[in-house]
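This report is for a reader meeting the structure for the first time. It goes through confidence, strand pairing, the core and a few single residues in turn.

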Amino acid sequence: RPSGSAYASKVWSALARHKPKAGQRGSTTVVFAIGDNGALRGLRVGRSSGNTRLDQLALATVRNAAPFPPPPSGAASYTIRIDFH
């Protein structure tokens, strides 16, 4: 299993591959957990962009990137900002 920073890089890469074109600008912060088997758990908006469509696209980005590789030390939690340009 990859180390913590290498694992985070894999998560970011998976998210980048699944981020849709929004056609609008904004940022949504999402909070999610990855179970020890790589399954997505506990996805929610942490801070809204103020635009429901962008918030939904941010949630869909994480959902579509799952499942992830198993985290190196069991379950992992992330709070990330997804920017749309």
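## Strand pairing

Two strands are said to pair if DSSP finds at least two bridges between them. In this predicted model, one such bridge links I34 to its partner L40 in β2. Strand β2 covers residues 40–47, and five bridges join this strand to β1 in an antiparallel arrangement. Another partnership involving β2 is that of V30 with V45.

Strand β1 also pairs with β3, again in the antiparallel sense, and here there are nine bridges. On this side, S27 stands opposite D83 of β3. Seven of the nine residues of β1 are buried, so this strand is largely enclosed by the rest of the structure.

## Confidence

The protein chain has a mean pLDDT of 92, with 96% of its residues at 70 or more. Among the elements of the chain, the lowest mean, 91, belongs to helix α1 (residues 4–18), and the highest, 97, belongs to helix α2 (residues 52–65). Where pLDDT is low, the predicted coordinates should not be read in detail.

## The nonpolar core

In soluble globular proteins, nonpolar side chains tend to be buried together. The largest nonpolar core of this model holds 21 residues. V11, L15, V30, F32, F68 and Y78 have the most contacts inside this core. Elements giving two or more residues to the core are α1, β1 (26–34), α2 and β3 (76–84). Helix α2 provides the largest share, with six residues.

What does F32 touch, apart from residues up to four places away in sequence? The list consists of V11, L15, L40, R41, G42, L43, V62, F68, A76, S77, Y78 and I80. Three of the residues with the most contacts inside the core besides V11 and L15 are V30, F68 and Y78.

## A buried threonine in helix α2

T61 is part of helix α2. Is T61 buried or exposed? Its relative accessibility is 1%, and because buried means under 20%, T61 counts as buried. The side chain of T61 reaches the backbone oxygen of L57, at 2.8 Å.

Beyond its neighbours within four places in sequence, T61 is in contact with L15, H18, K19, P20, I82 and F84. L15 is one of the residues with the most contacts inside the largest nonpolar core.

## Loops and backbone geometry

Most residues other than glycine have a negative phi, and most peptide bonds are trans. The hairpin of β1 and β2 has five residues between the strands, and G38 in this hairpin takes a positive phi near 95°. G35 also sits in the loop between β1 and β2. With a relative accessibility of 1%, G35 counts as buried.

Setting aside neighbours within four places in sequence, the contacts of G35 are R41, P71 and A75. G35 and L59 are 24 residues apart along the chain, and their C-alpha atoms are separated by 17 Å. A further loop, between α2 and β3, contains P67. The peptide bond that joins A66 and P67 is cis, with omega about 0°.

## D83 and the salt bridge

Side chains of opposite charge can pair when their charged atoms come close. How many salt bridges are counted in the model? The count comes to one. The salt bridge is formed by the side chains of R81 and D83, at 2.8 Å from N to O. The pair is also a polar contact between the two side chains, at 2.8 Å.

D83 lies in strand β3. This residue counts as partly exposed because its relative accessible area is 22%. The side chain of D83 also makes a polar contact of 2.4 Å with the side chain of S27. S27 is the residue that stands opposite D83 in the strand pairing.

Leaving aside neighbours within four places in sequence, D83 is in contact with K19, G26 and S27. K19 is also among the contacts of T61. D83 and R25 are 58 residues apart along the chain, yet their C-alpha atoms are separated by 7.6 Å.

Technical notes
Residues are numbered from 1 along each chain as its sequence is written. This is a predicted model: local features need pLDDT of at least 70, side-chain atom pairs count only at pLDDT 80 or more; totals for chains, interfaces and linings use all residues. Side-chain values use heavy atoms; hydrogens and water are left out. pLDDT is the predictor's confidence in each residue, from 0 to 100. Helices (H or I, at least four residues) and strands (E, at least two) are DSSP runs, numbered from the N terminus. A nonpolar core is a set of buried Ala, Val, Leu, Ile, Met, Phe, Trp, Tyr and Cys residues joined through side-chain atoms within 4.5 Å. Buried means under 20% relative accessible area, exposed over 50%, partly exposed in between (1.4 Å probe, protein chains only). Contact means heavy atoms within 4.5 Å. A polar contact is a pair of N or O atoms within 3.5 Å; within protein, one must be able to donate a hydrogen and the other to accept it, and residues adjacent in sequence count only if both atoms are side-chain atoms. A salt bridge is a side-chain nitrogen of Lys or Arg within 4 Å of a carboxyl oxygen of Asp or Glu.
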